[in-house]
Amino acid sequence: MTLAVRDLAFAHPGAPRLLDGVAFEVPRGRSAFVLGASGAGKTTLLRCIAGLETGYTGSVLWDGAPLDAVPAHARRIGFLFQEPALFPHLDVERNVRFGMRYRGLARRDEPEEARRLLALVGLEDKGRRGVDALSGGERQRVALARALAAAPRAVLLDEPLSALDRDLRVSLGERVKKLLAREGVAAIWVTHDADEAKRLADATWRLEAGRLA
Amino acid sequence: MRRRAWPLLAAPLAVLAAFFALPLAAVLARAAGDASAWAWIATSPFVSSRLALAFGQALASVALTLAVAVPLAWLHHARRVPFSRLQLAVHAAPFVLPVFVVVFGLQALLGDHLRVFGPLGAVVLAHAYYNYGFAARLLHAALERRPRRLEDAARVLGAPPLAAGLRTTLPLLAPAAGAVALLVFLFSFTSFGVVLFLGDGRVSTLDTLIYENLAGSFPTTGRAAALGALQLGLNLVLLLVYVALARRAARTPREAPRPAPRAGFAAMTLSIAALGVALAPPAAVLVGAFRVRGAWTLEAWRALADRAHPSHLGGFDLGLALGLSIGYALATAFLALALAALLAYGLARSRGATRALVEAAATLPLGTSSVLLGLGYALAFGVGGTPDLRGTYAVVLLAHTLVAFPFAARALVPALDAHDRRLDDAAAVLGAKPSEVARRIHLPLLRAPLAVAGGLAAAFSLGDFGASLILMRPDTMSLSVWIARHGGLGSFDPILRAQSMALTAVLMLLTIAAFLVAERFRAEGDA
């Protein structure tokens with residue numbers, strides 16, 4: 001079971017190509033890192049893989065089957081954004097439960113599954129909290145639990161720890177990596193922090209001038 | 001993820017083309033084909049004197065409105081008054097209440113003293129009461145965002161506090177204040193109900209002149225159309241200036257509000273006194289509905305409900321009129337919200353010139369009065385019109401919707417623009433289809449502007465009698481048109497006057513109910 005990208009290219013309308021001939025593979029349970037400077041196209045690469053950008057050429061494949069015609073909501077690829085993008089009108093538990101119905105989980109089983117996932121990220125006692133009452137690290141852990149709740153086959157992580165202080169970034173990064181490996185999820189992290197990549201990556205590529213090196 | 005905008009924009013643009021552009025084109029065509037009407041406008045001393053008076057009246061209304069609104073806005077900005085938001089909402093309420101509340105309320109409160117002001121003074125006073133609250137609310141919002149860091153910078157450069165404010169905040173807030181003043185001018189210059197009922201035939205606006213040319217025993221449609229074309233041109237110029245000022249105001253640097261000191265005794269007394277003044281006219285209407293010849297009685301209500309009562313309005317059916325008012329209001333709110341939502345989603349997917357053009361087209365109805373729209377509908381969908389919608393519920397509903405639509409759009413479009421798209425992306429990658437994103441993310445997060453837009457649309461429909469007066473037939477007449485056509489305004493029959501008060505009280509309570517329902521909807525979204 002592998003997430004693969006083949007010859008992916010993308011340009012915003014009227015702008016030069018941001019991505020050109022990008023190709024790589026990430027097996028389940030492994031974490032691959034894409035390094036690159038600001039504006040190199042790292043976030044755009046993840047948005048193409050998730051199906052949030054649709055104008056790309058090339059292919060995104062899961063286990064050899066192309067996902068390009070599959071809309072974002074049906075790709076089963078999770079996304080951890082730089083800002084956690086928690087839904088402000090829902091409490092922590094209901095944020096985590098948001099995507100469960102789309103993976104076919106019965107409504108009555110949602111609370112228990114949410115509690116399990118919140119325990120996984122160490123927030124089992126925060127389910128009834130409003131998301132505004134959480135710290136930066138807690139918000140990202142809720143976002144991770146929410147992403148895992150939708151039972152994704154892969155998770156894309158767009159510098160999710162960049163806003164945290166260094167100590168928290170190191171400890172949380174290792175915890176997230178272990179969790180993703182344990183859940184058997186293919187993970188693609190993008191970052192501009194080479195130390196972070198060295199510490200956590202099973203494979204590392206550098207994105208320069210739209211191409212992977 | 002950018003998707004095509006046109007499938008979403010098609011419906012609102014088609015409705016605007018068919019039920020806004022087409023009727024106005026009919027007015028312009030009729031005006032262009034009647035040279036004598038233009039000659040009448042150009043040479044008649046009656047028209048020129050009335051228009052000059054309308055201009056002066058609007059200027060005086062702006063002056064009096066701002067004279068009340070500026071100190072009120074400053075009071076709520078400079079001091080921490082308890083329930084400030086609620087208080088400002090109460091002050092702004094007259095703007096959305098039916099015009100009869102203002103007219104009857106002032107008449108009941110001031111009685112013969114209102115005559116002291118003369119018709120012009122009464123109109124200016126009513127306009128000031130109608131507009132001061134919403135003007136204060138807008139000015140307060142601008143003051144709250146004032147860039148105090150710039151004032152601090154001026155202070156450390158040696159400017160005394162007053163000079164720092166005058167040299168930094170004042171010029172920066174001038175476009176916002178100018179936009180508010182221009183809106184008040186526009187509303188006063190195009191006022192219909194207040195001028196019709198308090199102007200005593202001696203004060204006019206273009207709207208009342210249009211109506212008089214349509215409603216007389218010998219309608220002169222050509223003259224009405226020429227006046228309508230003139231009004232359209234003037235309103236468009238005013239609207240363009242407003243848009244320019246609003247854009248400049250939007251570019252003003254903003255800052256988060258800083259806490260103000262708690263209101264002292266004087267500020268509290270002032271704010272409570274101001275609330276008393278704001279609530280007095282509606283209270284006078286409520287009292288007036290239960291008083292005839294100086295005594296408390298239910299006589300007016302009996303006369304309204306009992307067809308055998310000697311003072312019963314001929315042909316009036318309280319249940320039917322009430323049902324029609326509520327039906328029009330609900331349908332208007334639904335249609336205006338649906339069109340505004342489609343427009344907002346379509347604009348969110350548009351950029352550049354396309355977006356600017358569509359936005360401008362959607363704003364145009366703001367510069368068109370209800371009376372002018374009614375005239376357009378009478379010409380386009382009246383005798384020989386395609387389709388012929390004379391006497392139908394649909395024509396009334398469409399007119400109400402077109403009046404309410406730009407306000408609904410102005411509530412929803414900026415809200416959707418400001419919505420954090422990352423939440424939509426987050427929901428999409430969690431498996432939510434676009435329709436689910438709209439239901440589970442947009443609906444709860446945009447409840448407040450949706451509630452405001454729905455409440456406004458319902459209030460406009462309940463209070464409208466510009467287009468309604470022209471388009472409604474006896475069997476499709478809402479409460480507001482019954483009051484306007486058969487009410488006791490100026491009548492010496494005290495029971496007839498009390499009946500008008502009672503119907504006005506019903507309309508007022510319906511409008512308040514619409515906003516309470518909207519508020520409940522908004523609050524549930526916040527929970």
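A residue is taken as buried if 20 or more other C-beta atoms lie within 10 Å of its own, with C-beta atoms placed from the backbone. In the predicted model considered here, this criterion is met on both faces of strand 8 of chain A, where Ala186(A), Ile188(A) and Val190(A) are buried on one side and Ala187(A), Trp189(A) and Thr191(A) are buried on the other. In a regular strand the side chains alternate between the two faces of the sheet. Because six of the six residues of strand 8 (residues 186–191) of chain A are buried, this strand is largely enclosed by the rest of the structure.

Strand 8 of chain A pairs in the parallel sense with strand 3 (residues 31–35) of chain A over five bridges, and Ser31(A) stands opposite Ala187(A) in this arrangement. Parallel pairing over five bridges is also found between strand 8 of chain A and strand 7 (residues 154–158) of chain A, where Val190(A) of strand 8 is the bridge partner of Asp158(A). Between strand 7 and strand 8 of chain A, the chain passes through helix 5 (residues 166–182) of chain A, and the resulting β-α-β crossover is right-handed.

Burial in chain A was also examined for a helix. In helix 3 (residues 110–120) of chain A, the residues Ala114(A), Leu117(A) and Leu118(A) are buried; viewed down the axis of helix 3 of chain A, its buried residues fall within an arc of 100 degrees, so they line one face of the helix. These buried residues of helix 3 of chain A pack against helix 2 (92–97) and helix 4 (136–149) of chain A. Just after helix 3 of chain A, Gly122(A) adopts a positive phi of about 75 degrees.

The contact between the two chains draws on 20 residues from chain A and 16 residues from chain B. On the side of chain B that touches chain A, helix 19 (421–429) and helix 20 (434–445) of chain B each supply at least two residues, and the largest share, seven residues, comes from helix 19 of chain B. Classified by residue type, the side of chain B that touches chain A comprises 11 nonpolar, two polar and three charged residues.

The largest nonpolar core holds 245 residues, of which Ala126(B), Ala340(B), Leu375(B) and Ala408(B) touch the most other members. Helix 15 (residues 318–348) of chain B gives the most to this core, contributing 16 residues. When neighbours within four places in sequence are set aside, the residues in contact with Leu375(B) are Val27(B), Ile210(B), Leu214(B), Ala224(B), Ala225(B), Gly228(B) and Ile470(B).

Key
Residues numbered from 1 in each chain as written. Chains lettered and ligands numbered in written order. Predicted model: local features only at pLDDT ≥ 70, side-chain atom pairs only at ≥ 80, totals over all residues. Buried ≥ 20, exposed ≤ 12 C-beta atoms within 10 Å, placed from the backbone. Helix = DSSP H or I, 4+ residues; strand = E, 2+ residues; numbered from the N terminus. Pairing = 2+ DSSP bridges. Right-handed = clockwise from strand over helix to strand, strands pointing away. Contact = placed C-beta atoms within 7 Å. Nonpolar A, V, L, I, M, F, W, Y, C, P; charged D, E, K, R; others polar. Arc of directions from axis to C-beta. Core = buried A, V, L, I, M, F, W, Y, C linked by C-beta atoms within 7 Å.
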